[in-house]
Amino acid sequence: MSTSSTRPNRRKHGGTAVKIVVTGPFSAGKTTLIRTISEITVLSTEQDITDSTRSRKAETTVAMDFGRITIDRDLVLYLFGTPGQDRFDFMWEILGEGMLGYILLVDSSREDSLEEAVGILAAFRKMARVPFVVALNRSAGMDPQDEERVRDVLALDEDTPVVPCDATDRESVKSVLLALLYSVVDQIDAPAAARV
């Protein structure tokens, strides 16, 4: 993906619109996270699950979720949630086109969620070199041993934020988005500092 495709877009009425992708395994809480923070009614493509082996959830996203949050009059985030199931992975690249960064949401209460996140992260790393954060949904806090395990399994460098998250709590979701925005700013500032 070219660098120009990841640049923020100017909106008609001023300000900058940026695309953020929320990805992660099936049933990690992606749709919930977007619904919690969005200032508009979320466009969602959830369908009922007929597979009896998926007892955790009655619906799954089959194309995308879409929400929006205005940070201030100069910055609007468009949030695109991906399907979590591998059979819909063709949507990952479509939704990832032009993203400024992404959130990898993992259900910390399920061991298999972290394992499923490995393949998703590999696909997104191959797709674009943009900042991302790992958000641990259903996590009451951040135990150093838990963070180390997440970093080891996902092969994260020390600069990648790993943050606890409650996808049903607006303030918690805000902290995840802020962690991502700070990572974006750090990446923008790093090449500028290297040129000085």
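Is Arg 138 buried, exposed or partly exposed, and what is its relative accessible area? In this predicted model, Arg 138 has a relative accessible area of 45% and is partly exposed, because a residue counts as buried under 20% and as exposed over 50%.

The side chain of Arg 138 meets that of Asp 107 in a salt bridge, with a distance of 2.7 Å from N to O. Asp 107 belongs to strand S6, whereas Arg 138 is found in the loop between strand S7 (132-137) and helix H4 (144-154), so this pair ties together parts that are 31 residues apart in sequence. The acidic partner, Asp 107, is buried, with a relative accessible area of 4%, while Arg 138 is partly exposed.

Asp 107 also forms a salt bridge with Arg 110, in which the closest N and O atoms are 3.6 Å apart. Arg 110 lies in the loop between strand S6 (101-107) and helix H3 (111-127). The relative accessibility of Arg 110 is 11%, and because buried means under 20%, Arg 110 counts as buried. Asp 107, at 4%, is likewise buried. The side chain of Arg 110 is further joined to that of Asp 112 by a polar contact of 3.0 Å.

Another salt bridge is formed by Glu 111 and Arg 149, whose closest N and O atoms are 3.1 Å apart. This pair links distant parts of the chain, with Glu 111 in helix H3 and Arg 149 in helix H4, 38 residues apart. Glu 111 has a relative accessibility of 48% and counts as partly exposed. Arg 149 is also partly exposed, with a relative accessibility of 33%. Both values fall between the limits of 20% and 50%, and therefore neither residue is classed as buried or exposed.

Across the whole structure, a search finds 8 salt bridges. Salt bridges with shared partners join Asp 107, Arg 110, Asp 112, Glu 116 and Arg 138 into one network. Among the members of this network, Asp 107 takes part in the salt bridge with Arg 138 and in the salt bridge with Arg 110. The network includes residues in the buried class, among them Asp 107 and Arg 110, together with the partly exposed Arg 138.

Conventions: Residues are numbered from 1 along each chain as its sequence is written. This is a predicted model: local features need pLDDT of at least 70, side-chain atom pairs count only at pLDDT 80 or more; totals for chains, interfaces and linings use all residues. Side-chain values use heavy atoms; hydrogens and water are left out. Helices (H or I, at least four residues) and strands (E, at least two) are DSSP runs, numbered from the N terminus. Buried means under 20% relative accessible area, exposed over 50%, partly exposed in between (1.4 Å probe, protein chains only). A polar contact is a pair of N or O atoms within 3.5 Å; within protein, one must be able to donate a hydrogen and the other to accept it, and residues adjacent in sequence count only if both atoms are side-chain atoms. A salt bridge is a side-chain nitrogen of Lys or Arg within 4 Å of a carboxyl oxygen of Asp or Glu.
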